[in-house]
Amino acid sequence: MGRIAYVNGQFVRHGEAVVHIEDRGYQLADAVYEVWALFGGKLADAEGHFARLERSLSELRIPMPMSRQALTIVLREAVRRNRVSEGLLYLQVGRGVAPRGHAFPDQPTAPSVVITVSAVDRTAAEAKAAKGVKVITTPEDRWGRCDIKTVGLLPNALAKQAAKEQGAAEAWFVDELGLVTEGASSNAWIIDGDGVVRTRDTNANILRGVTRHTLLDVLHDEGLKFEERPFTPDEAVAAKEAFITGAGSLVLPVIAVNNRPVGDGKVGPVAMKLRRLYIERAKATAV
Ligand code: PLP
C-alpha cells in the first residue's frame, strides 16, 4: 500500500500530492510543524504537541487551520489510512498561498496544512538505543526564536549532515558561552558526576521539547535529582551519562561527544531506564 498524505483538505497518494509554488512555507519557511510519535496507532504526548503548535502559530500570527478537535480527527484519519501502528506523524501548518512578498499578505490567506505518516521499526530503534549514539558539536548559528518550531531548518539540516559525515547521529549546537543549547532535532542531557540529570533551561534559545517536558515529569515522579542547568561539551564528556530526547529519538543514550567517550563510553543504566519509563508513560497516555 502506498503512503497517503493529507494536503489542504484532501487525502492523496504521496506521488500525487502537490503544494502551490507560491505557498509561503515553500518560499519563505513561513510555516510551523509538529511531530508526534505513534504508539499502537495513537498519538503520544498529544496535549503537549497541540499546545506547542498553537503557541508557534500564535507567535507568527497564523490562525489554527481548524479546531483542535477537528484537527485530531484529521490526524487520526491520516494514521488510519496509512495503517501505521508504530511511527511518526508530521503536521505542517503554514500561512498559506500568496504572491511572493516578505510581508504578510494584505488579504488573509487560508493556512496550508500537510500531514504525512511514516512507520518506525521499533526493534531497530531499540537496538540503536542499546548501542548508543555519537554526537558532534557545532557552533550555534540559528536565529533567536528557536522556541518557535518553524520549518526553517537549514542550520539544523547542515549540522545533521556534518554529524552524519562524522559517523554521528546528532549534532549539538554550542553557544557563544561554550554551552550546549540543544541538538539539531533533539534536546541534550547529561547525568553529571553528582548524579544530577541536567538539561538546558527554556530561557535559552531552544525548542521546548515535548519529550523533554514529559521526561521532567518522569524524573520528578521517580524522585531523581534534576536541574535545568546548561553544560559544556567537556562537562558532557566528564559526565556519567548523556542522552538526547525527541519525538523521533524518544530517549536515546549518547556514548561519545566529538569522538571522546562520555563516562566509560558505554550506554548508561539511567538513560536506558529513563527510555523505558518514558515509553511506558507515552504508551499509557497516547490518544
Ligand atoms: N530541539 C529541536 C531543535 C527539535 O527539532 C526537536 C524535535 O524535532 C526537539 C528539540 C525535541 O522536541 P520534541 O521532544 O518535542 O520532539
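# Close-up views of a predicted model

**View 1. A three-residue hairpin links β13 and β14.** In this predicted model, β13 runs into β14 through a hairpin of three residues. Strand β13 covers residues 241–246 and pairs with β14 in the antiparallel sense. Five bridges hold the two strands in register as DSSP partners. One partnership to look for is Phe-243 with Pro-253 of β14.

**View 2. Strand β14 and its other partners.** Strand β14 spans residues 250–257. How many of its eight residues are buried? The count is eight of eight. Strand β7, residues 133–139, runs parallel to β14 and is joined to it by three bridges. Val-135 has Val-257 of β14 as its bridge partner. Strand β15, residues 260–261, runs antiparallel to β14, with two bridges between them. Here Ala-256 stands opposite Pro-261 of β15. The hairpin of β14 and β15 has two residues between the strands. Asn-258 in this hairpin has a positive phi, near 50°.

**View 3. An open sheet of six strands.** The strand order is β2-β1-β6-β5-β3-β4, and the pairing is antiparallel. Which strands form the edges? They are β2, residues 10–13, and β4, residues 42–43, each paired on one side only. Strand β3 covers residues 31–39 and meets β4 through two bridges, again antiparallel. Phe-39 is the bridge partner of Lys-42 in β4.

**View 4. Helix α3 packs on the six-stranded sheet.** Helix α3 comprises residues 68–82 and packs on the sheet. The helix touches β1 (4–7), β2, β3, β4, β5 (87–94) and β6 (112–119). The directions of α3 and β6 make an angle of about 40°.

**View 5. Helix α2 turns one face inward.** Helix α2 holds 14 residues, 46–59. From first C-alpha to last, α2 reaches 20 Å, close to the 20 Å expected at 1.5 Å a residue. Its buried residues are Ala-46, His-49, Phe-50, Arg-52, Leu-53, Ser-56 and Leu-57. Why do they line one face of the helix? Seen down the axis of α2, the buried residues fall within an arc of 165°, so they line one face. The cover over these residues includes β3, β4, α3, β5 and α6 (210–222). After α2 comes Arg-61, with a positive phi near 55°.

**View 6. A salt bridge between helices α2 and α3.** The model has 25 salt bridges in total. One of them joins Arg-68 and Glu-54. Their closest N and O atoms lie 2.9 Å apart. Arg-68 belongs to α3 and Glu-54 to α2, so the pair links distant parts of the chain, 14 residues apart. Arg-68 is partly exposed, at 27% relative accessibility. Glu-54 is also partly exposed, at 28%.

**View 7. Arg-212 reaches from α6 to β12.** A salt bridge joins the side chains of Arg-212 and Glu-228, with 2.5 Å from N to O. Arg-212 sits in helix α6 and Glu-228 in strand β12, residues 226–228, so the pair ties together parts 16 residues apart in sequence. Is Arg-212 buried or exposed? With a relative accessible area of 3%, Arg-212 is buried. Its partner Glu-228 is partly exposed, at 39% relative accessibility.

**View 8. Further salt bridges.** The side chains of Glu-227 and Arg-229 meet in a salt bridge, 2.5 Å from N to O. Glu-227 is partly exposed, at 32% relative accessibility. Arg-229 is partly exposed too, with a relative accessible area of 35%. Elsewhere, Arg-55, Glu-59, Arg-145 and Asp-147 form one network through salt bridges that share partners.

Key. Residues numbered from 1 in each chain as written. Predicted model: local features only at pLDDT ≥ 70, side-chain atom pairs only at ≥ 80, totals over all residues. Heavy atoms only, no water. Pairing = 2+ DSSP bridges. Helix = DSSP H or I, 4+ residues; strand = E, 2+ residues; numbered from the N terminus. Contact = heavy atoms within 4.5 Å. Axes fitted to C-alpha atoms, helices over the stretch in contact; angles between N-to-C directions. Expected span 1.5 Å × (residues − 1). Buried < 20%, exposed > 50% of the residue type's maximum accessible area, 1.4 Å probe, protein only. Arc of directions from axis to C-beta. Salt bridge = Lys/Arg side-chain N within 4 Å of Asp/Glu carboxyl O.
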